[in-house]
Amino acid sequence: MNDLKITRTTLFDGRELMYFDEPGTAYRTSTDERGLPRVHTESSMRRDPLTGEWAVYAAHRQNRTFLPPANEDPLAPTRPGQKPSEIPEGDYQVVVFENRFPSLSMASRGASLDGLVEAAPATARCEVVCFTPDASGSFADLTLARKRMLIDVWAHRTAELSALDTVKAVFPFENRGEEIGVTLHHPHGQIYSYPFVPPRMAAIAARARAHAATGTSLFDTILAEELRCGERVIEATEHFVVFTPAAAKWPLEAMVMPRRHVPSFVELTGAERDDLAGVLDRLYRAVDRFFEGISRTPYIAAWNQAPVGNPEDGRLHLQLFSLMRSPGRMKYLAGSESGMGVWISDTTPETIAAALKGAYT
């Protein structure tokens, strides 16, 4: 991470943009001349009195960019003869900028309510991470060096976002495929920071604390059992284990977890980051070979980290899953899943793991 060349600039409407480059790259000097007006965010959040969970309301996102034509790609470099994009430079390696239509914002002001439920401004920060200037590519298509760079970028952003006073959690993720609901095809991910601990992170933290009371680590126990059984293990390297969880919910699901306790990207060593890049290179390619006749599997790549300030309550891990249950058919979250949060699976974790292992080369 210390070797990355980072250039910070500001877009016309005041949002921050950062170029992440390899050492020796020329300085980034282009400016945003689009004349964009500032976006006024009124994001707020309310706590459900029945479950205690927070929900975020961001009405200003209704008119955000939706599947624009190729010549209006907002994540492409700005080049002569093309519509200016969010990125002023004519080329780039990795770029991170504040989302123009954020779900949560440091400028959020909306919060007032009639007292029925607890309410507050959704004060945090949402960022877009552009993986490559190539609009036709994918994370799987990135070079190993670019995947390794992105790990450093995720670490850098996790550290800075965690330092914000309101932030309790940092969540890097990627949605791929119109089936998932993406609004931009250009290869990119996002990073949400939250002013509360999200439900999944909170549930993991509670289980981790309960397990720690017995004198053992929840995460070490899970890895030991998966490695002992072996049936669901897809790959085991020096620093990471790739497996389909024993209680996997999705039709395609894989987890990548470090062998030692690493709360977030920030704490990964250089050797661990090198190893992780190789793991991701192989895993994402296998995911695109999982379904016969499908070359670009729709997926969600969710990077789980420990809550900010409570490193023992979580361990960095990737939950990579797809809502596709068979070629061209999606898994819909119907009555049991949506109404009660109880998943009904049409396959088994062992079957998923066997198919993923078969897709490795």
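**Two domains and the surface they share**

The centres of domain 1 and domain 2, taken over C-alpha atoms, sit 24 Å apart. In this chain, domain 1 runs over 5-197 and domain 2 over 200-359, with bounds that come from an automatic or database domain assignment. The model is a predicted one, so to speak of local features takes a pLDDT of at least 70, side-chain atom pairs count only at pLDDT 80 or more, and totals for chains, interfaces and linings use all residues. Residues are numbered from 1 along each chain as its sequence is written, and side-chain values use heavy atoms, with hydrogens and water left out.

How do the two halves meet? Contact here means heavy atoms within 4.5 Å, and by that rule 31 residues of domain 1 touch 31 residues of domain 2. The size of an interface is often given as the accessible area lost when the parts come together. Between domain 1 and domain 2 the buried area (accessible area, 1.4 Å probe, lost on being put together and summed over both parts) is about 2700 Å², with carbon and sulfur atoms giving 63%.

Four salt bridges turn up across the interface of domain 1 and domain 2, each being a side-chain nitrogen of Lys or Arg within 4 Å of a carboxyl oxygen of Asp or Glu. Arg176 pairs with Asp288 in a salt bridge whose closest N and O atoms are 2.3 Å apart. On the domain 1 side that touches domain 2, helix H1 (144-162) and strand E8 (169-176) each supply at least two residues; helices (H or I, at least four residues) and strands (E, at least two) are DSSP runs, numbered from the N terminus. H1 gives the largest share of that side, ten residues.

How values were computed. Buried area = accessible area lost by both parts, 1.4 Å probe.
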